[in-house]
Amino acid sequence: MFQNQKVSYSGVQPSGNLTIGNYLGALRNFSTYSDDYKCLYCVVDQHAITVRQVPADLRRRTYETLALYMACGLDPEKTTLYVQSHVHEHTELAWILNCFTMFGELSRMTQFKDKSAKHADNINAGLFTYPVLMASDILLYQTDVVPVGIDQKQHVELCRDIATRFNSLYPDTFTIPEPIVSKSGMKIMSLAEPTKKMSKSDENPNAVVYILDDKDTIIRKFKRAVTDSDTEVRFAPGKDGINNLMSIYACFTGKTMEEIEAEFAGKGYGDFKLAVGEVCADALAPVQQRFVQLMADKGALEAQMKKGAEEASYIARRTVSKVEKKLGFVQLR
Ligand code: TYM
């Protein structure tokens, strides 16, 4: 579709303040593709309403997520950055794909099982069909690669299955996308319960380091991180807390586990936790500075949303027309 250029596509929900899990597992990796791929990154506000949101917070976080995309190094001149609800083809294609997705497939999604356990009073149909909307996001743009954290891999695999099923009935409709999960940072764990994923919807703010936390807060949170009763900084089974902190340190410094073990040999957990906090805060400082500048001009962010939506709509419209034609819907000119 783009003169043989490959497409990179991903999205982030504006459902909470973004964490270093979102940063290391996804956002930071988006710009890897900027030079060689056509890149589209979306603020997926429609996904966010599968769980109840406070409207003013959802609106604010939508601006913030777009600003964070740019603050993390995505250049809107090279990359299409937009908001999902501004491009109506996402829900249009999602309906069609619903008719090519099996109930059993959706029932097996681990995120659905987790979220329905967490929100037992609101197990709505949107929560159940959420992966179909995500498949629509990806397939609309004839995507080749989807950079995501490991928790989203199952959804991208379902998207592949839906696309393959559709293509077998209507050949050459969709590109089959590949999930790209970076080795480091694919699953950053909670600082309070290191067997659980760090999540922006966690109710305990000490379990989570937010991209916008200030240096003192970051250091305090790392100092309080749950570890074990050992004292050696060593990557080993059963040392979930330390393993997680070592992974975070590795992500920010590029060091291997062996190098980190050597660096902290003979030093205690206290020194190590302080070092993790410092490298994290130092890496986030320029992102935060840029974020503040971008948020100061809402008009410019809105202009960016408009430009991104126009670019995305143009491509999305072509895919929906192609799909509707193949299905036998009457096309009016
Ligand atoms: P979301 O908003 O939960 O998370 C955004 C991205 O951050 C990654 N991530 C993590 N990576 C490592 N460690 C963590 N603790 C961590 N927490 C989150 C996620 O894997 C994700 O890549 N359904 C998606 C959003 C979406 C999407 C899409 C993604 C909607 N449509 C199309 C790709 C393509 C979600 O809820 O991500």
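**Exercise 1. Polar contacts of the ligand**

Task: In this predicted model, find how far a polar side-chain atom of Gln 13 lies from an oxygen atom of the ligand, and then place this contact within the shell around the ligand.

Solution: Begin with Gln 13, where a polar side-chain atom and an oxygen atom of the ligand lie 2.8 Å apart. Continue with Asp 151, which has a polar side-chain atom 2.5 Å from an oxygen atom of the ligand. Both pairs count as polar contacts, because the cut-off for a pair of N or O atoms is 3.5 Å. The next step turns to a nitrogen atom of the ligand, which is 3.0 Å from an N or O atom in the side chain of Gln 152. With these contacts in place, consider the cover that the protein provides: the ligand taken alone exposes 710 Å², and the protein buries 97% of that area.

Now widen the view to the shell, in which 27 residues surround the ligand, and the closest of these are Gln 13, Tyr 130, Asp 137, Asp 151 and Lys 200. Sorted by class, this shell holds 12 nonpolar, 10 polar and 5 charged residues. At least two residues of the shell come from each of strand E1 (6–12), helix H1 (20–30) and helix H7 (125–140).

**Exercise 2. The pocket that holds the ligand**

Task: Determine which pocket corresponds to the space taken by the ligand, and describe the lining of the largest pocket by element and by class.

Solution: The ligand takes up the space of the largest pocket, and the volume of this pocket is about 1,400 Å³. Its lining consists of 48 residues, among which Gln 111, Asp 151, Gln 152, Lys 197 and Ser 199 are the closest to the centre. Two or more lining residues are given by each of E1, H1, helix H2 (45–48), helix H6 (110–118), H7 and strand E4 (145–147). To rank these contributions, note that H6 gives the most to the lining of the largest pocket, namely 5 residues. Finally, the classes of the lining residues are 16 nonpolar, 21 polar and 11 charged.

**Exercise 3. The second largest pocket**

Task: Establish which element supplies the largest share of the lining of the second largest pocket, and state the classes of the residues found there.

Solution: The second largest pocket contains about 200 Å³ of space, and 13 residues line it, with Gln 46, Thr 91, Gly 126, Thr 129 and Leu 133 nearest its centre. The elements that contribute two or more residues to this lining are H2, helix H4 (89–98) and H7. Of the lining, H7 provides the largest share, with 5 residues. The lining comprises 5 nonpolar and 8 polar residues, and no charged residues.

**Exercise 4. The enclosed space**

Task: Count the cavities of 30 Å³ or more, and identify the residues that line the largest cavity.

Solution: The count gives 1 cavity of 30 Å³ or more, and the largest cavity holds about 50 Å³ of space. Its lining is formed by Thr 50, Gln 111, Phe 112, Lys 115, Leu 127, Tyr 130, Pro 131 and His 155, with H6 and H7 as the elements that give two or more residues. By class, the lining of the largest cavity has 4 nonpolar, 3 polar and 1 charged residues.

Note on methods. Residues numbered from 1 in each chain as written. Predicted model: local features only at pLDDT ≥ 70, side-chain atom pairs only at ≥ 80, totals over all residues. Heavy atoms only, no water. Near = heavy atom within 4 Å. Polar contact = N/O pair within 3.5 Å; in protein donor to acceptor, adjacent residues only side chain to side chain. Areas by Shrake-Rupley, 256 points an atom, 1.4 Å probe, with all protein chains shown as cover. 1 Å grid on protein atoms, 1.4 Å probe; cavity = no way out; pocket = protein on both sides within 12 Å on 5 of 7 lines; lining within 4 Å. Sits in = over half its atoms within 2 Å of the grid points. Helix = DSSP H or I, 4+ residues; strand = E, 2+ residues; numbered from the N terminus. Nonpolar A, V, L, I, M, F, W, Y, C, P; charged D, E, K, R; others polar. Points joined across faces, edges and corners; volume = space filled by probe spheres on them.
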